[in-house]
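Colleague: I have a model open and would like a close look at one buried spot and at what surrounds it in the fold. Could you walk me through it in one go, starting from a single side chain and working outwards?

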Amino acid sequence: QVQLVESGGGLVQPGGSLRLSCAASASIFTFYAMGWYRQAPGKQRELVGIITTGGNTNYAGSVKGRFTISRDNAKNTVYLQMSSLKPEDTAVYYCNFKRTYEEYWGQGTQVTVSS
């Protein structure tokens, strides 16, 4: 069983920045895709962005240019750097790592963007 431990959530003002971390108990090279999702109250969980083992990234249009996914292979950790934050970015953020026949979720971390 793989565990994903998230950290870095909190309260930030509009226009501010925050970095989320997702640390895995297994080598991130064993996952073909590592992504971030978010879910706001009353809304469907949505994909924020992904990074593949090869380093390719893709982002939702709503965050493109503001959010960046990166990784530290030695630490088995994937990051979500969030900048120019908006109130509509407020949500619980979840990391998700995928293998061919299985996937794992982090516990979720709250991000609140408010003045």
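Modeller: Happy to! Let us start at Trp36, which counts as buried because its relative accessibility is 0%, where the limit for buried is under 20%. Please keep in mind that this is a predicted model. Trp36 is part of strand 4, a stretch that covers residues 33-39.

A useful landmark to set against Trp36 is Asn76: the two are 40 residues apart along the chain, and their C-alpha atoms are separated by 15 Å. Asn76 belongs to the loop that links strand 7 (67-72) with strand 8 (77-82). Its backbone deserves a look, as Asn76 has a positive phi of about 50° although it is not a glycine. The two strands on either side of that loop form a hairpin with four residues between the strands. Strand 7 and strand 8 run antiparallel and are joined by six bridges. If you want one pair to click on, Thr68 stands opposite Gln81 of strand 8.

Strand 8 has a second partner. Strand 3 (residues 18-24) is also antiparallel to strand 8, again with six bridges, and here Leu18 has Met82 as its bridge partner. How enclosed is strand 8 by the rest of the structure? Largely so, because five of its six residues are buried.

Following the chain past strand 8, you reach the loop that leads to strand 9, and Ser84 sits in that loop. Ser84 is another residue other than glycine with a positive phi, near 50°. Ser84 is partly exposed, as its relative accessible area is 42%.

Strand 9 (residues 91-98) takes us on to strand 11, since three bridges join these two antiparallel strands. Within that pairing, Val92 is bridged to Gln110 of strand 11. On its other pairing, strand 11 meets strand 2 (residues 10-12), also through three bridges, but these two run parallel. There, Val12 has Val113 as its bridge partner.

Strand 11 itself, residues 109-113, is a nice one to rotate on screen. In a regular strand the side chains alternate between the two faces of the sheet. Strand 11 has Thr109, Val111 and Val113 on a covered face, while Gln110 and Thr112 lie on an uncovered one.

Thr112 brings in a residue from far back in the sequence, Leu11. Leu11 lies in strand 2, and although 101 residues separate Leu11 and Thr112 along the chain, their C-alpha atoms are 4.8 Å apart. Leaving aside residues up to four places away in sequence, Leu11 touches Thr112 and Ser114. Is Leu11 buried or exposed? Leu11 counts as exposed, because its relative accessibility of 65% is over the 50% limit. That makes a good contrast to keep on screen: Leu11 at 65% and Trp36 at 0%.

For another exposed position, go back to strand 4 and follow the chain onwards. Gly42 is in the loop between strand 4 and strand 5 (46-52), and at 91% relative accessibility Gly42 counts as exposed. Gly42 and Ser62 are 20 residues apart in sequence, and the distance between their C-alpha atoms is 18 Å.

Now zoom out to the whole chain. The protein chain has zero helices and eleven strands, so to speak an unbroken run of β elements from the N terminus on. Of its 115 residues, 43% are buried. Why does a radius of gyration of 13 Å agree with a compact globule? Because a compact globule with 115 residues would have a value near 13 Å. Along the principal axes, the C-alpha trace spans about 40 × 25 × 25 Å.

Contacts between residues at least 6 apart in sequence give one more view of the fold: 53% of them join residues at least 24 apart. As for the surface, the accessible area comes to about 6,000 Å², and carbon and sulfur atoms account for 48% of it. Finally, there are 11 positive and 7 negative charges, and the mean positions of the two sets are 4 Å apart.

Note on methods. Residues numbered from 1 in each chain as written. Predicted model: local features only at pLDDT ≥ 70, side-chain atom pairs only at ≥ 80, totals over all residues. Heavy atoms only, no water. Buried < 20%, exposed > 50% of the residue type's maximum accessible area, 1.4 Å probe, protein only. Pairing = 2+ DSSP bridges. Rg over C-alpha atoms; globule rule 2.2 N^0.38 Å. Contact = heavy atoms within 4.5 Å. Areas by Shrake-Rupley, 256 points an atom, 1.4 Å probe, with all protein chains shown as cover. Lys, Arg positive; Asp, Glu negative; His and termini not counted. Charge placed at Lys NZ, Arg CZ, Asp CG, Glu CD.
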